[in-house]
Amino acid sequence: MTRRIAVTGSASGIGKALVEVLRAQGDTVIGVDREAADIQADLSTEDGRARVVAELGAGPLDGVVACAGVSAPDPISVSVNHFGVVRLLEGLRPVLAAAPNPRAAVVGSIAGTQPVDQAVVDACLRDDEPAALELARAAVANGAGYRLYPSSKSALAQWLRRAAVTEEWAGAGIPLNAVAPGVVLSPMVAPLIADEAMKEVMDRAVPMPLNGYARPVVIATALTWLISTGNTHMTGQVIYVDGGADATLRGPGVF
Ligand code: NAI
């Protein structure tokens with residue numbers, strides 16, 4: 001039977017590559033993005049998220065992959081990367097639970113292992129978006145906006161590990177996992193790589209001894225397995241598809 005899978009961030013980069021892989025294997029894919037998508041919505045807003053949940057909530061829905069994200073030293077990173085993912089997944093959980101083999105996955109980042117703004121992360125984990133955004137604005141005012149992207153991805157990973165094993169997710173038979181990339185050659189990083197000084201900073205922050213930068217399809221392929229019917233027992237995992245960056249940076253004591 002054809003599965004119906006929703007993919008956010010479907011208009012570009014990893015999400016776009018995932019749509020292609022899933023369609024090629026016969027799935028019906030509903031793309032969600034700000035524009036050039038089946039459902040056009042701004043996931044940084046409550047309205048946008050609610051509209052997507054309303055449109056997809058009628059079902060059936062076999063899987064959701066949340067790829068949409070923003071890498072900016074700005075509060076928008078927190079509203080899209082954390083709340084835009086969590087609220088959407090929580091909103092779609094009931095329709096997923098009704099599917100025969102439901103699956104969910106998100107895209108984290110190696111940046112989630114980097115130093116964070118702990119107050120922002122805590123507010124995200126309390127599910128307090130107004131407080132998180134106020135703290136994020138304060139971080140920008142204090143010149144620490146660069147911590148917001150890592151904070152959003154750290155909070156997302158922690159939410160996922162906590163939620164995945166609950167009655168609502170594991171108890172409903174829904175595996176919930178993340179792929180955390182290193183550097184991926186998508187439109188998000190193209191301007192950074194083009195700038196030699198930026199590229200050097202990035203290469204030091206994210207060393208990738210195995211095969212260097214990844215193409216979007218590499219991340220899409222890992223996501224495809226996580227949401228396949230073959231994945232019956234992996235949940236709550238953040239899978240680093242990062243050319244060895246995590247093992248290099250955090251070493252053998254973290255596993
Ligand atoms: P991209 O910029 O090519 O694609 C991101 C997509 O998300 C775009 O189509 C954009 O329109 C959509 N999006 C952004 N804000 C949105 C909003 N408010 N509402 C709806 N859609 C929105 O970037 P890429 O690289 O494909 O990123 C996908 C995911 O991968 C993101 O979550 C990103 O944080 C993550 N990631 C990317 C890495 C990279 O090196 N490119 C590394 C690690 C993680």
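**Exercises: a ligand, a sheet and two odd loop spots**

α1 (13-24) and α6 (148-164) each give at least two residues to the shell around the ligand (helices, H or I, at least four residues, and strands, E, at least two, are DSSP runs numbered from the N terminus). Before you start: this is a predicted model, where local features need pLDDT of at least 70, side-chain atom pairs count only at pLDDT 80 or more, and totals for chains, interfaces and linings use all residues. Residues are numbered from 1 along each chain as its sequence is written, and side-chain values use heavy atoms, with hydrogens and water left out.

**Exercise 1. Work out which residues come nearest to the ligand, and sort the shell by class.**

Step 1. Start with the 29 residues around the ligand (a heavy atom within 4 Å); Ser12, Asp33, Tyr149, Val184 and Ser186 come nearest.

Step 2. Now sort the shell: 16 residues are nonpolar, 9 polar and 4 charged. Here Ala, Val, Leu, Ile, Met, Phe, Trp, Tyr, Cys and Pro count as nonpolar, Asp, Glu, Lys and Arg as charged, and the others, Gly among them, as polar.

**Exercise 2. Find polar contacts to oxygen atoms of the ligand, then see how much of the ligand is covered.**

Step 1. Look for pairs of N or O atoms within 3.5 Å. Lys153 puts a polar side-chain atom 2.9 Å from a ligand oxygen.

Step 2. Check the backbone too: an N or O atom of Cys67 lies 3.0 Å from an oxygen of the ligand, and a polar backbone atom of Gly13 is 3.5 Å from one.

Step 3. Then turn to cover: on its own the ligand has 840 Å² of accessible area (Shrake-Rupley, 1.4 Å probe), and the protein covers 93% of that.

**Exercise 3. Trace the sheet and pick out its edges.**

Step 1. The 7 strands run in the order β3-β2-β1-β4-β5-β6-β7, forming an open sheet with parallel pairing (two strands pair if DSSP finds at least two bridges).

Step 2. β3 (39-40) and β7 (238-241) each have a single partner strand, so one side of each lacks a neighbour in the sheet.

Step 3. Zoom in on β5 (103-107) and β6 (176-181), which pair in the parallel sense over 4 bridges. Val106 stands opposite Ala178 in β6.

**Exercise 4. Spot the unusual backbone at Pro60 and Ala36.**

Step 1. Recall that most residues other than glycine have a negative phi, and most peptide bonds are trans.

Step 2. The Gly59 to Pro60 peptide bond is cis, with omega near -5 degrees; Pro60 sits in the loop between α2 (46-57) and β4 (63-66).

Step 3. Ala36 has a positive phi, near 55 degrees, and is in the loop between β2 (28-33) and β3.

Definitions and conventions: Polar contact = N/O pair within 3.5 Å; in protein donor to acceptor, adjacent residues only side chain to side chain.
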